[in-house]
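Student: I should like a close look at a single part of this model. Please take me through that part and its surroundings in one connected account.

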Amino acid sequence: MSDRETAIIGLKREIKTVRATARHLRDQNERWRKVCATLRSLAGLDDAQFQNLLKAESLVE
């Protein structure tokens, strides 16, 4: 096997790993969004109050 083929195989493996990590992070992000929505509703915050809270905690840009 040539160096080029070895490099291509390595890159394919790396792409698979990165895609799996991205999938995992998307799933994790979705779960946290659900937790956040639940806590928001339990706290009784409206959109403006929630945005102010996020800004105060530096969680939005």
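**From serine 58 back to helix H1**

Tutor: Serine 58 is exposed, with a relative accessible area of 61%. The model under discussion is predicted, and within this model serine 58 lies in the segment after helix H2, which spans 47-56. The backbone of serine 58 deserves attention, as phi is near 55 degrees, a positive value in a residue other than glycine. As a general rule, most residues other than glycine have a negative phi.

The account now turns to the salt bridge. The structure holds one such contact: the side chains of aspartate 47 and arginine 40 meet at 2.1 Å, N to O. In general, side chains of opposite charge can pair when their charged atoms come close. In terms of accessibility, aspartate 47 has a relative accessible area of 54% and counts as exposed, because that value lies over the 50% cut-off. Arginine 40, at 23%, is partly exposed, because this value falls between the limits of 20% and 50%.

Helix H1 covers residues 3-43, and tryptophan 32 has its place there. Tryptophan 32 is exposed, with a relative accessible area of 57%. Its side chain belongs to a nonpolar patch on the surface, which Trp32 forms with Val35, Leu39 and Leu42. Together, these four residues present about 470 Å² of accessible area.

In summary, the view runs from serine 58, with its positive phi, through the salt bridge of aspartate 47 and arginine 40, to the nonpolar surface patch that includes Trp32.

Terms used: Residues numbered from 1 in each chain as written. Predicted model: local features only at pLDDT ≥ 70, side-chain atom pairs only at ≥ 80, totals over all residues. Heavy atoms only, no water. Patch = residues over 30% accessible without salt bridge, like charges linked within 9 Å, V, L, I, M, F, W, Y side chains within 5 Å. Areas by Shrake-Rupley, 256 points an atom, 1.4 Å probe, with all protein chains shown as cover. Helix = DSSP H or I, 4+ residues; strand = E, 2+ residues; numbered from the N terminus. Buried < 20%, exposed > 50% of the residue type's maximum accessible area, 1.4 Å probe, protein only.
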